[in-house]
Amino acid sequence: MMNHFMFLAVLLHLRTAYSQQESFVFPVTYLNVHKDLALQRLLVEWDVGKSAHDAELVMSFEIQVRRADEAIVWTEFLNVTLDKSGKRLRWMWDSDLPLEFYPLPPFQLWEEYTDAEIELHWEQKEKEIELFCQAEVWQPDGKAKLYNSSGTQLYRNSITLGRLQPYTSYTARVRCGAAKHFWRWSEWSKAHPFRTKEIAPSGKLDIWREIKPVLRGRNVTLFWKQETGFQANGEIISYEVTWEKVVDRSKPKHISLSSDHNSTRISIDNHPYRISIKARNNVGYSHPSVMIIPGAADTEKKLSSSELKEEHVNGTGNGILISWKPRDKSDRYIIDWCNFPMLQPCDLQWKRFGPNTSSALIKSAAFVPGVRYNFRIYVSAANRASLLEKKTGYLKELPPRFDPDVKKVELGYHEVTLYWDAYPTDEMHPGFLRGYHVYVSPVQEDCNLKGSKKHVLAGGSVLCKFTIENPEERSYTVKHLMSNTKYKLAVKAYTGGGETPIINFRYIDTPTDSRMLYLLVLFVVVPSLIMAVCLWKMKWVKDCCCPVIPSPNKSKVLSFQEFKIGSEKVLKLSDCIPDTLVLDNRAETKKLHQQSLMSSMPTEDKMDDENLSSVYHNENEEKSFTSTPTPQTHTWFENFAYSSHLAVETNPYKAPETIDIGRGEPSAALYQPQYYLNILNGAAASSPGEAAGRKNNLRYISQTDVHCIGRRL
């Protein structure tokens with residue numbers, strides 16, 4: 001057994017060597033003991049007062065080495081002569097026994113229970129040594145807690161352990177050290193497992209429900225779990241479920257379920273009910289958890305009045321964020337959801353939040369990408385819960401599993417219309433359908449259509465991409481295509497997770513646009529032909545559409561010596577070279593002369609009597625004559641070459657020899673040409689044949705050699 005030693009240096013009475021006086025005692029002013037464990041040696045260093053050094057006294061020291069139990073193991077006397085240098089005194093001792101000592105570890109641990117504490121006991125071999133001990137207790141969460149003894153222990157080896165949880169397993173161990181002259185702890189004792197005693201459960205169960213209407217009542221599925229404040233304090237052996245009507249307080253119904261249950265279903269009518277659930281162990285029951293199931297009429301009224309719409313929520317990578325509008329006078333909010341929506345039962349989960357909360361991040365190890373989770377938010381007040389909002393979302397959206405099924409394609413010269421069936425949007429879909437993408441491109445080249453975006457495939461080819469943001473759309477028309485061209489198309493549905501790669505294309509051929517050929521002929525060929533014909537017949541067209549009208553100023557009739565009356569040129573008869581009028585029939589001359597005399601009548605009377613008209617003759621007119629006598633008619637020729645703006649007061653129809661020249665003008669006979677040459681037709685001829693012959697012999701020659709239409713300039 002290793003021993004613990006205590007060292008004591010005693011300064012004895014000293015006597016000087018130079019006199020016979022009595023000895024003087026000097027106190028030790030400094031003492032230090034050092035252990036060299038490797039050599040098992042003690043090094044002692046001490047000193048006395050400065051006056052002893054100054055006196056250079058011869059001193060004797062008695063040194064004793066004792067154990068902690070006061071037993072002396074070594075005594076030695078040391079004589080030393082001091083000097084004025086003040087050097088400290090030293091002594092070295094080699095021990096045959098170990099220089100260290102600490103107790104053996106405790107053993108045989110056991111515990112005693114009280115109402116709220118445990119007394120931990122053990123045995124110790126050192127019976128006559130006063131010890132100080134320490135216990136280490138490992139809790140269920142893996143954390144350790146240290147308990148120290150309240151005082152030194154000589155005959156009583158125990159520590160009180162407090163604040164332990166009921167019916168909980170712990171592990172303890174103990175170590176001790178010398179209460180006096182403590183050097184180090186002993187080794188730990190062996191671990192000692194123990195369990196605290198069982199008491200009645202504390203706290204309440206966290207309970208929830210799911211209500212489904214049935215014929216003449218409702219089926220209520222009840223769920224429960226141990227919330228944070230609940231302590232089983234023992235082994236739960238059963239759950240007690242009780243329900244009763246709220247109004248008439250009829251005899252309650254009760255069922256007891258074993259500890260392996262966490263849900264049950266009961267059937268109730270349409271009245272409001274009060275339901276309570278509590279846990280039981282071998283000692284007692286927990287406090288009951290209570291909820292009120294409203295009457296069916298009240299529930300239907302609330303749901304129908306709100307008409308809640310399911311809103312979309314988004315995942316954040318490690319959970320799904322839910323938010324809601326807070327309500328006044330609420331105790332708390334409850335959110336429920338299914339961890340496995342596609343299974344039955346779906347593993348219904350719920351979580352409660354305080355009245356000042358309006359959002360929560362719902363986390364679950366069961367959440368996986370591509371699965372839609374439905375959340376219902378309830379507001380609770382006085383143990384009554386009512387539906388507040390509904391949410392649905394994904395931890396992470398994935399692309400659609402398949403493409404829309406294009407059922408019909410309508411082709412146009414420059415457009416194509418695609419029709420597809422309604423795309424499924426149920427809970428099996430791996431994401432919320434956001435819309436569609438239509439891809440199109442010519443087979444032989446890249447696409448560049450108006451209103452589209454470029455989409456580059458992995459191979460480098462470029463497609464035109466059109467986005468349809470309405471998921472309810474069932475058709476789309478791609479415009480601005482070229483006729484008689486082969487195109488490839490694809491329709492893809494997309495979600496918040498994107499879309500799958502394009503693998504399959506649909507190929508189409510736009511028809512040839514015959515309307516373009518028609519327009520080409522109408523606007524190019526026909527005008528070209530018309531222009532060619534017009535150029536070919538330009539002179540004929542010009543003569544027909546725009547005949548040349550002779551100008552009197554350009555006529556040869558004005559090629560005479562100037563003679564003016566006022567500002568007007570006057571044509572002398574002698575200077576005039578008139579057109580030639582040839583009459584083969586001499587009798588016609590007399591009649592013409594008579595007709596000229598008749599021109600002296602007023603113009604208006606003559607026009608009324610004779611019913612004048614301008615007639616233009618050509619060679620074809622003679623074919624219309626018959627042997628039937630015709631009434632007497634007049635033929636008038638308008639000779640534009642002789643028109644003059646000169647106002648003549650005399651009768652323009654008088655013969656030249658009848659013109660009055662007795663005025664005081666120059667002695668020159670003025671001649672005014674007639675505007676019209678009135679030829680009496682048919683009077684001088686005895687037959688239509690003679691008249692026709694006469695007309696054929698009548699020639700009118702213009703000075704400009706141009707035949708003009710008979711009208712006044």
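K253 is partly exposed, its relative accessible area being 49%, a value that falls short of the exposed class because that class begins only over 50%. The model in which this residue is described is a predicted one. Along the chain, K253 belongs to strand β17, which covers residues 253-258. When residues up to four places away in sequence are set aside, K253 is in contact with V241, T242 and W243. A further spatial relation links K253 with I275, which lies 22 residues away along the chain, while the C-alpha atoms of the two are separated by 9.6 Å.

From this strand the path leads on to a sheet elsewhere in the chain. Three strands make up an open sheet in the order β28-β29-β33, and their pairing is antiparallel. The edge positions are taken by β28 (406-411) and β33 (475-478), each of which has a single partner strand, so one side of each remains without a neighbour in the sheet. From one strand to the next, the twist averages 15°. Between β29, which spans residues 416-420, and β33 there are four bridges, and these two strands run antiparallel. Within this part of the sheet, L418 is found opposite Y476, a residue of β33.

The last stop is a helix and the surface patch associated with one of its residues. F523 is located in helix α3, which comprises residues 514-536, and F523 is exposed because its relative accessible area of 57% lies over the 50% cut-off. Together with V524, V525 and L529, F523 forms a nonpolar patch on the surface, and the accessible area of these residues together is about 380 Å².

How values were computed: Residues numbered from 1 in each chain as written. Predicted model: local features only at pLDDT ≥ 70, side-chain atom pairs only at ≥ 80, totals over all residues. Heavy atoms only, no water. Buried < 20%, exposed > 50% of the residue type's maximum accessible area, 1.4 Å probe, protein only. Contact = heavy atoms within 4.5 Å. Pairing = 2+ DSSP bridges. Axes fitted to C-alpha atoms, helices over the stretch in contact; angles between N-to-C directions. Patch = residues over 30% accessible without salt bridge, like charges linked within 9 Å, V, L, I, M, F, W, Y side chains within 5 Å. Areas by Shrake-Rupley, 256 points an atom, 1.4 Å probe, with all protein chains shown as cover. Salt bridge = Lys/Arg side-chain N within 4 Å of Asp/Glu carboxyl O.
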